[in-house]
Amino acid sequence: MTVNMTKGQAINLQKNDGGTLTAVRMGLGWQAAPRRGLFGSRTREIDLDASAVLFADKQPVDVVFFRHLVSDDGSVRHTGDNLVGGVGQGGDDEAILVDLARIPVHIDQIVFTVNSFTGQTFQEVQDAFCRLVDETNGQELARYTLAGGGQYTAQIMAKVHRAGTGWQMTAIGTPANGRTFQDLMPTILPHL
């Protein structure tokens, strides 16, 4: 059963049978919003980028994004850059796979961001979401839908963080401005 998350909501990442999740996929999907023109509606291609920043004690230690597809330890993998969005027709346009069992013990948080590399604002995007899927069986666990558009070019979507012996996901949903994850660091840090 999927949990539709609201900003700031946290959920424990356990299987329905009480077992522990071992591998998850953070999927990102979006479509270009239609624009009205002289000859009807049309859409532009939108290049959003998903990134995962790995933290140890509130310090960034690694990042996975379209130019660095695999974390240094191999536990986090980006499936590749999508330059237009909407190809999944409601499915994932970009995805980041996280092998929770392989994440080194010093990594305590992974923050997922989305940014418009070309600088288009979220007013030009519709149906943007991030979702967490149990990679072992394909079951969607949680979904956070971006609402409202706006004059910003990025969003801190969610984080997965250690909670006791397991993991927890928190929907963040904070708008930001920046074309890369580096630009977003000042906005990420208060959420750690």
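Ile-96 is a good place to start: in this predicted model, the residue is buried, with a relative accessible area of 1%. That value counts as buried because the cut-off is under 20% relative accessible area. Ile-96 belongs to strand β9, which spans residues 94–99. If you set aside residues up to four places away in sequence, Ile-96 touches Val-24, Arg-25, Met-26, Ala-50, Ser-51, Ala-52, Val-64, Val-76, Arg-77, His-78 and Phe-112. For a sense of distance, try Val-70: 26 residues separate it from Ile-96 in sequence, and the two C-alpha atoms lie 9.4 Å apart in space.

Val-76, one of those partners of Ile-96, leads us on to the nonpolar interior. In soluble globular proteins, nonpolar side chains tend to be buried together. Here, the largest nonpolar core has 35 residues, and Val-76, Val-98, Leu-100, Ile-110 and Phe-112 have the most contacts inside it. Two or more residues of this core come from each of β3, β6 (48–56), β9, β10, β11 (125–134), β12 (140–145), β13 (154–163) and β14 (166–176). Another core, of 14 residues, lies apart from it and includes Phe-65, Ala-154, Leu-184 and Met-185. Back at Val-76, the contacts beyond four places in sequence are Ala-52, Leu-54, Val-64, Leu-69, Val-70, Ser-71, Ile-96, Leu-97, Val-98 and Ile-110.

Now for the empty spaces. Searching the whole structure turns up two cavities of 30 Å³ or more. The largest holds about 60 Å³ of space, and Ile-96 is part of its lining, along with Met-26, Gly-27, Leu-28, Ala-50, Glu-94, Ala-95, Phe-112, Thr-113, Val-114, Cys-130 and Met-157. Three strands, β3 (23–32), β9 (94–99) and β10 (109–116), each give at least two residues to this lining. Sorted by class, the lining has nine nonpolar, two polar and one charged residues.

The second largest cavity contains about 40 Å³ of space. Around it you will find Asp-49, Ser-51, Phe-65, Phe-66, Asn-115, Phe-117, Arg-179, Thr-180 and Phe-181. Four nonpolar, three polar and two charged residues make up this lining. Two of its members are already familiar: Ser-51 is a contact of Ile-96, and Phe-65 belongs to the 14-residue core.

A word on confidence rounds off the tour. The protein chain averages a pLDDT of 81, with 77% of the residues scoring at least 70. Strand β7 (residues 59–64) has the highest confidence, at a mean of 97, while strand β5 (residues 40–42) has the lowest, at 50.

How values were computed
Residues are numbered from 1 along each chain as its sequence is written. This is a predicted model: local features need pLDDT of at least 70, side-chain atom pairs count only at pLDDT 80 or more; totals for chains, interfaces and linings use all residues. Side-chain values use heavy atoms; hydrogens and water are left out. On a 1 Å grid over the protein atoms alone, a cavity is a set of points where a 1.4 Å probe fits but cannot get out, and a pocket is an open set with protein on both sides within 12 Å along at least five of seven lines; lining residues have an atom within 4 Å of a point. Grid points are joined across faces, edges and corners, and a volume is the space filled by probe spheres set on the points. Helices (H or I, at least four residues) and strands (E, at least two) are DSSP runs, numbered from the N terminus. Ala, Val, Leu, Ile, Met, Phe, Trp, Tyr, Cys and Pro count as nonpolar, Asp, Glu, Lys and Arg as charged, and the others, Gly among them, as polar. pLDDT is the predictor's confidence in each residue, from 0 to 100. Buried means under 20% relative accessible area, exposed over 50%, partly exposed in between (1.4 Å probe, protein chains only). Contact means heavy atoms within 4.5 Å. A nonpolar core is a set of buried Ala, Val, Leu, Ile, Met, Phe, Trp, Tyr and Cys residues joined through side-chain atoms within 4.5 Å.
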